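Me: I would like a careful description of one part of the following model, set in the context of the whole chain. Please keep the account connected and state the criteria behind each term.
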Amino acid sequence: MKAFFFTNRDFFKSSTFIRISAFLFISLAFFYFGKHWSSDGYQQLIFFNSRQNPLPSSQTQTQTTPTVSLSPNHNKSFDISSLITDTTTQTVASIPPPSDPEPLPTPPPPPPVVQRFGIVDENGTMRDDFEVGDFDPGIAEDWGSENKTEAVEESRTVVKKFGRCTESMREYIPCLDNVEAIRGLESTEKGERFERHCPDKGKGLDCLVPAPKGYRTPIPWPRSRDEVWFRNVPHARLVEDKGGQNWISKVKDKFKFPGGGTQFIHGADQYLDQISKMVPDIAFGQHTRVAMDVGCGVASFGAYLLSRNVLTMSAAPKDVHENQVQFALERGVPAMVAALATRRLLYPSQAFDLIHCSRCRINWTRDDGILLLEVNRVLRAGGYFAWAAQPVYKHEPLLEEQWEEMVNLTSRLCWNLVKKEGYIAIWQKPSNNSCYLSREAGAQPPLCDSEDDPDNVWYVDLKACIFRLPDDGAGSNVTTWPARLHNPPDRLQSIQMDAYISRRELFRAESKYWSEIIASYVRVLHWKSYKLRNVLDMRASFGGFAAALIEHQLDCWVLNVVPVSGPNTLPVIYDRGLLGVLHDWCEPFDTYPRTYDLLHAAGLFSIERKRCNVSSIMLEMDRILRPGGRVYIRDSVGVMDELQEIGKAMGWHVALRDTSEGPHASYRILTCDKH
């Protein structure tokens, strides 16, 4: 026992005991220090924790997972000795101790809750808690109105307000009513006075053409085919002259149109049925899609062809029955003031599948048949010419002589008399050059010079010659309607423009472009509620705008205008089964006032402002636009300020809108309403 005691005493004196004691003391000191610091609310150091973390109650097993908690004071240095001696003072080595302990800073309040209306969060993913804002039913009508441009006064074009023209100008057509120029003509025997004679520079229209007293909103189509308001076209001479021929009658405050004509008193429908039975290959609405009615009267022939999917250009001069074209336009039928006199018509070669003349009072055989040769130019290869006139059916010496002259001339043109029945005779134009080339040397009329472009029509004199047809069949091999509307025609390759290989792609791209735009107009701007009927596209290109209106089933017709300042795309427009005309917008247009419900101009002004007076173009637009009509101008930002000022000066309600590309795009849309 004694030996054991001394052995243990030696142990306590040994170095091992001293080390163990020191380790225990230091451990206890750190334990006490750590616990005390934590209990006073100070930030903790790093400690290991091996407590069990219970799993969810649905699981039957528990798992012990060692965890590590990282102190927020990581990588900071402290004076440990000061902490041990005075636990109430915390001193950071790099910061001198404050004289008075400052209270801990109050944590900032939580940010206010933001009410979100979007369905996508900041990470681009769809949120589940989005809210829908209030619906404003007028937002579609006012779409883009907040984007009205306020130009700086120094850079704004200031336009003086335009006044009203005199009442005598309410039917004014500037280039056809130029009395001074007509009086100065050397000759009028060939109809020169019915052609274009535009005012000199500086003498054009500078006022707003007024509407007749009592003018009313036109009767909508299809009712307008059969009746129009008398006050809108207050001219009764046609009723007096043609009342017995079933053209037109006046009943109270309306004009009525029974659908008859001089040679088809029993109605246009019966007349069209007769033509279809005579030559079934005419096939209205399939093979025959685009027609022309020369000397159209009130255009009942074209009005009734519309129900058979045929577009007819009804043309007549402003003669003694000067308002017949105005009646046609008021009815909602395609029509244009035009005269066969000394210049080419403003249509391309091979434009019409059928050309019709019913008592049109034209001497086809005069001057070596120069007028019928113009018909031959605009008639499509393989197309038909229908003539309903007294020489066809009356057996009188003078009329029989006229018939023989007509048969002789058409034979020399290589036309084939397909059918003669009753008072109608129908010829067919050849589909190739074989007949032309097999004629005897010196045959009359001669073939035209190969350098003469048959599509060059702006102020070009008529020539008594026959144009050769393209050797590749272009123009004659168009597909049937409605496939031809979207098929790139062969004559697309003959258009003189920069592109060649990519023309088909350009054609399809334009069609897709306008289809998407018209879809948005129908959806957002409610175009189907506008009751559009007569539409003018002032810069038509390939006719994509008109094709899109057909595609989206808007019940209207479009006259596609191809400006002379660009490539002549009219052959493509007619090959698609659409109507068009060549024009120079530096001059007035050949139509009556109050003709169109909608004027559309895409990229027109940014081009024409370099060569034309913009105010003159806008005044011409006001002249031919019906009261209550609309204008859509799609153009570059650089021209919009000037157009807005001119529109306001004419009394239009104007609004500048963004395109679908957004507010930073280089293009804008100017919408105008004529009140």
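How many Å² does the chain expose, and what percentage of it do carbon and sulfur atoms supply? With that as background, please look closely at how helix α17 and helix α18 pack.

Reply: The model is predicted, so local features need pLDDT of at least 70 and side-chain atom pairs count only at pLDDT 80 or more, whereas totals for chains, interfaces and linings use all residues. Residues are numbered from 1 along each chain as its sequence is written, and side-chain values use heavy atoms, with hydrogens and water left out.

The chain exposes about 35,800 Å² (Shrake-Rupley method, 1.4 Å probe), of which carbon and sulfur atoms supply 53%. Of its 675 residues, 47% count as buried (under 20% relative accessible area). The chain contains 18 helices (DSSP runs of H or I, at least four residues) and 19 strands (E, at least two), numbered from the N terminus. Among contacts (heavy atoms within 4.5 Å) between residues at least 6 apart in sequence, 67% join residues at least 24 apart.

Turning to the requested part, helix α17 spans residues 614-624 and helix α18 spans residues 637-649. Their axes (lines fitted to C-alpha atoms over the stretch in contact) lie 10 Å apart, and the helices pack at an angle of about 45°, on a scale from 0 to 180 degrees between N-to-C directions. That angle makes α17 oblique to α18 (neither under 35 degrees, nor 65 to 115, nor over 145). The crossing of the two helices is right-handed (the near helix is turned clockwise from the far one by less than a right angle). From α17, the residues V614, S615 and M618 take part, meeting E642, L643, I646 and G647 of α18. By class, the residues of this contact comprise four nonpolar, two polar (Gly counts among these) and one charged.

Two further sites place this detail in the wider chain. C357 belongs to strand β9, residues 352-358, and is buried at 0% relative accessibility. Beyond neighbours within four places in sequence, C357 contacts V294, W364, F385, A386, W387 and A388. I424, 67 residues away from C357 in sequence, is 9.8 Å from it, C-alpha to C-alpha.

H235, by contrast, sits in the loop between β3 (227-229) and α5 (237-242). H235 is also buried, with a relative accessible area of 18%. Apart from residues up to four places away in sequence, H235 touches E171, F230, F255, N323, Q326 and F327. One of these, N323, is 88 residues from H235 in sequence, yet 7.5 Å away in space, C-alpha to C-alpha.

Terms used: Buried means under 20% relative accessible area, exposed over 50%, partly exposed in between (1.4 Å probe, protein chains only).
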